[in-house]
Amino acid sequence: MSYSTIDHLMMARALRLAQRAAFTTRPNPMVGCVIVQGEDLVGEGWHQKKGGPHAEVFALQAAGDRAKGATAYVTLEPCAHTGSTGPCADALIAAGVSRVVAAMRDPFPQVDGAGFDKLRAAGIAVESGLMEAQARELNRGFLSRIERGRPWLRVKLASSLDGRSAMASGDSKWISGEASRRDVQQWRARSGALLTGAGTVLADDPQLTVRLGDDSAFLPPLRVVLDPGLATVARGRVREGDAPTLYLHAPEAKPPRGLQADHVAVPVNKGRFDLDAVLRLLATRGINEVQVEAGATLAGAFLAAGLVDELLLYIAPVLLGERARPLFDGLHIDAMTERLRLRTVDSRSIGGDMRLLLRPEGT
Ligand code: AOF
Ligand code: ZN
């Protein structure tokens, strides 16, 4: 399939529109739509929140009569199902659009090609795959949940230049600078869940809420605490603030009488949480992206289990010395041939720190 410059420009615009809802669409995907008549942009829109109109509906509304004979660019296959709104495929047909260009097929079981089929059956020219890599990147959380049955997993870490994550005492306040800590808030806001361990609750007492520092709208992420014995349910700021909290515990743990907090038992193997089961459980709750903000034990366990999709690493220009804690516990690598390779997806400086976004090879 060959696409024109206009095609590329319009899809790029639709992708940017989609991204406006990064903090608000969950668990739905981010979707943008641009409608073009000849070379004129006649309507555009994006899906803002679950339960609200889809991107195509806003764009068609804006275009009105000018949608007749136009091309619609959509970052995801138009839906074929009646969910919170009527099928977008039907709306595009009714508006008289003559060509639909999608970035990718929607793997959501109720759509999954049925939207394209509807459009084609109505005589509309349908093309899919324009800027697909960018569209997949945008919705990597949603796609992970639908295609793999588990959320996209990001581990956020702050380290010293010598790769240390905390002092031997557990003290880690603060390794990264203020600008880095502000930057983390953006990543929290796009996450469906922020996951930590009981050890971190006791050592750092994080609140795990989103503080963007402006009035941007966001959905508060679910705070998830892995606490085998439910030892922290009565303490910790993770219970405070305007966000839900979920405790995951070992099956044998006895919830204290009158425990109000949401809690679910998860299989534990040899004293360790079945992390795959943890992620599957979160997927059933509509979580697209999980951000782990914990210590070396949990970060190492997720990495050793092969469940990490990306590392968000802030490296501060400080040295903590050899008695400080490593970034990952439990990674036993003896030979160069066993080394865990990562690919640098993005690197930039934030304040005086370096920020790296890394993905294991093959992700
Ligand atoms: C589209 N355009 O803008 C979006 C689509 O909860 P509902 O009823 O809104 O349906 C959500 C599903 O619809 C979602 O899982 C995804 O498959 C699709 N999202 N489709 O045509 C849009 N947001
Ligand atoms: Zn739709």
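**Strand pairing, domains and ligand shell in a predicted model**

Across the pairing of strands β15 and β18, L313 stands opposite L356 in β18. The model discussed here is a predicted one, and this residue pair offers a convenient way into its C-terminal strands. Strand β15 covers residues 310-316 and strand β18 covers residues 353-360; the two run antiparallel and are joined by 5 bridges. A further partner of β18 is strand β17, residues 342-350, which pairs with β18 in the antiparallel sense over 8 bridges. Here L342 is the residue that stands opposite P360 in β18. The hairpin formed by β17 and β18 has 2 residues between the strands, and in that hairpin G351 takes a positive phi near 60°.

Strand β15 also holds Y314. This tyrosine counts as buried because 22 other C-beta atoms lie within 10 Å, where 20 or more are needed for that class. Once neighbours within four places in sequence are left aside, the contacts of Y314 are A158, S176, S180, I350, D353 and R355. Of these, I350 belongs to the residue range of β17, while D353 and R355 belong to that of β18. Y314 and T344 are 30 residues apart along the chain, and their C-alpha atoms are separated by 13 Å.

Turning to the overall division of the chain, the domain assignment gives domain 1 as residues 5-138 and domain 2 as residues 150-360. A distance of 35 Å lies between the C-alpha centres of the two domains. Their contact takes 5 residues from domain 1 and 9 residues from domain 2. On the side of domain 1 that touches domain 2, the classes are 3 nonpolar, 1 polar and 1 charged residues.

Helix α6 spans residues 140-148, and its buried residues are G141, F142, L143, S144 and R145. These buried residues pack against two helices, α5 (132-138) and α9 (275-284), and against two strands, β6 (152-160) and β14 (289-292). After α6 comes G149, with a positive phi near 70°.

For residues 5-127, UniProt lists "domain: CMP/dCMP-type deaminase" in an unreviewed entry. In the model this span is 33% helix and 20% strand, and its end C-alpha atoms lie 15 Å apart. The unreviewed UniProt entry also lists E56 under "active site". E56 lies in helix α2, residues 55-63.

Is E56 buried or exposed? E56 counts as buried, because it has 32 C-beta neighbours inside 10 Å. Apart from neighbours within four places in sequence, E56 is in contact with C33, A72, V74, P78, C88, A91 and L92.

The model also includes ligand 1, which is surrounded by 18 residues. The closest of them are V31, H47, H54, G83 and F108. Sorted by class, the shell around ligand 1 consists of 9 nonpolar, 6 polar and 3 charged residues.

Note on methods:
Residues are numbered from 1 along each chain as its sequence is written. Chains are lettered from A and ligands numbered from 1 in the order in which they are written. This is a predicted model: local features need pLDDT of at least 70, side-chain atom pairs count only at pLDDT 80 or more; totals for chains, interfaces and linings use all residues. Two strands pair if DSSP finds at least two bridges between them. Helices (H or I, at least four residues) and strands (E, at least two) are DSSP runs, numbered from the N terminus. A residue is near a molecule or strand if its C-beta atom, placed from the backbone, lies within 6 Å of it. Ala, Val, Leu, Ile, Met, Phe, Trp, Tyr, Cys and Pro count as nonpolar, Asp, Glu, Lys and Arg as charged, and the others, Gly among them, as polar. UniProt positions are given in the numbering used here, feature names are shortened, and annotations may be inferred rather than shown by experiment. A residue is buried if 20 or more other C-beta atoms lie within 10 Å of its own, exposed if 12 or fewer, and partly exposed in between; C-beta atoms are placed from the backbone. Two residues are in contact if their C-beta atoms, placed from the backbone, lie within 7 Å. Domain bounds come from an automatic or database domain assignment.
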